[in-house]
Amino acid sequence: MCDYTQREYSCGHFRWIASKWCRDYTITHKRCQPNVTHFEYRQEELCGECKPKTYPPWESMIKRSSSKQQTYL
């Protein structure tokens, strides 16, 4: 079984982070039954989904096209 750390955020979401892969996973890359060996509670932190998005100061300088295809002349 692979070893995992269970992390709980202040927003109530959980994440499981692999701390050690078992031999079977390293060979087959198929997930096995998780074995939670550590538990972390991040009292002052929100998960990535709940965290407000922050953009770098230069974000406004980036020109983004509205279409996914760009035409090159």
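How many salt bridges does a search of the whole structure find? In this predicted model, the search returns 4 salt bridges, and the account below starts from the sheet that carries several of the residues concerned before returning to these charged pairs.

## The sheet

The model contains an open sheet of 3 strands, arranged in the order β2-β1-β3 and with mixed pairing. Because β2 (14-20) and β3 stand at the edges and have a single partner strand each, one side of each of them is left without a neighbour in the sheet. From one strand to the next, the twist averages 30°.

The mixed character of the pairing can be followed strand by strand. β1 and β3 run parallel and are joined by 8 bridges, whereas β1 pairs with β2 in the antiparallel sense over 6 bridges. On the parallel side, Gln6 stands opposite Phe39 in β3, and Glu8 has Tyr41 as its bridge partner in that strand. On the antiparallel side, Glu8 stands opposite Phe14 in β2. In the hairpin formed by β1 and β2, 4 residues lie between the strands, and Gly12 takes a positive phi near 100°.

What is the state of β1, covered or open? This strand is mostly covered, with 8 of its 8 residues buried. In a regular strand the side chains alternate between the two faces of the sheet. For β1, the residues on one side are Cys2, Tyr4, Gln6 and Glu8, those on the other are Asp3, Thr5, Arg7 and Tyr9, and both sets are buried, so that both faces of the strand are covered.

## The charged network

One residue of β1, Arg7, leads back to the salt bridges: its partner is Glu40, and the closest N and O atoms of the two lie 2.8 Å apart. This pair links distant parts of the chain, since Arg7 belongs to strand β1 (residues 2-9) and Glu40 to strand β3 (residues 34-42), with 33 residues of separation. The pairs described here are listed with their N to O distances.

| Salt bridge | N to O distance |
|---|---|
| Arg7 and Glu40 | 2.8 Å |
| Arg42 and Glu40 | 3.1 Å |
| Glu45 and Arg42 | 3.0 Å |

Salt bridges that share partners join Arg7, Glu40, Arg42 and Glu45 into one network. Its members can also be described by their accessibility. Arg7 has a relative accessible area of 18% and is therefore buried, the cut-off for that class being under 20%. Glu40, at 27%, is partly exposed; Arg42 counts as partly exposed at 26% relative accessibility, and Glu45 counts as partly exposed at 28%.

## The nonpolar surface patch

Which residues make the nonpolar surface patch of about 520 Å²? The patch is made by Phe14, Trp16, Val36, Phe39 and Tyr41, and the elements that give two or more residues to it are β2 and β3. The largest share, 3 residues, comes from β3, while Trp16 has its place in strand β2. Several of these names have already appeared in the pairing of the sheet: Phe39 in β3 is opposite Gln6, Tyr41 in β3 is the bridge partner of Glu8, and Phe14 in β2 also stands opposite Glu8.

## The surroundings of Cys22

Beyond the strands, Cys22 lies in the loop between β2 and α1 (23-28). Is this residue buried or exposed? At 13% relative accessibility, Cys22 counts as buried. When residues up to four places away in sequence are not counted, Cys22 touches Met1, Cys2 and Cys32. One of these contacts, Met1, lies 21 residues away along the chain, and its C-alpha atom is separated from that of Cys22 by 5.6 Å. Another of them, Cys2, is among the buried residues of β1.

Note on methods:
Residues are numbered from 1 along each chain as its sequence is written. This is a predicted model: local features need pLDDT of at least 70, side-chain atom pairs count only at pLDDT 80 or more; totals for chains, interfaces and linings use all residues. Side-chain values use heavy atoms; hydrogens and water are left out. A salt bridge is a side-chain nitrogen of Lys or Arg within 4 Å of a carboxyl oxygen of Asp or Glu. Buried means under 20% relative accessible area, exposed over 50%, partly exposed in between (1.4 Å probe, protein chains only). Two strands pair if DSSP finds at least two bridges between them. Axes are lines fitted to C-alpha atoms, for helices over the stretch in contact, and angles run from 0 to 180 degrees between N-to-C directions. Patches are made of residues with over 30% relative accessible area and no salt bridge: like charges are joined within 9 Å, nonpolar side chains (Val, Leu, Ile, Met, Phe, Trp, Tyr) within 5 Å. Accessible areas come from the Shrake-Rupley method with a 1.4 Å probe; for residues, only the protein chains shown count as cover. Contact means heavy atoms within 4.5 Å.
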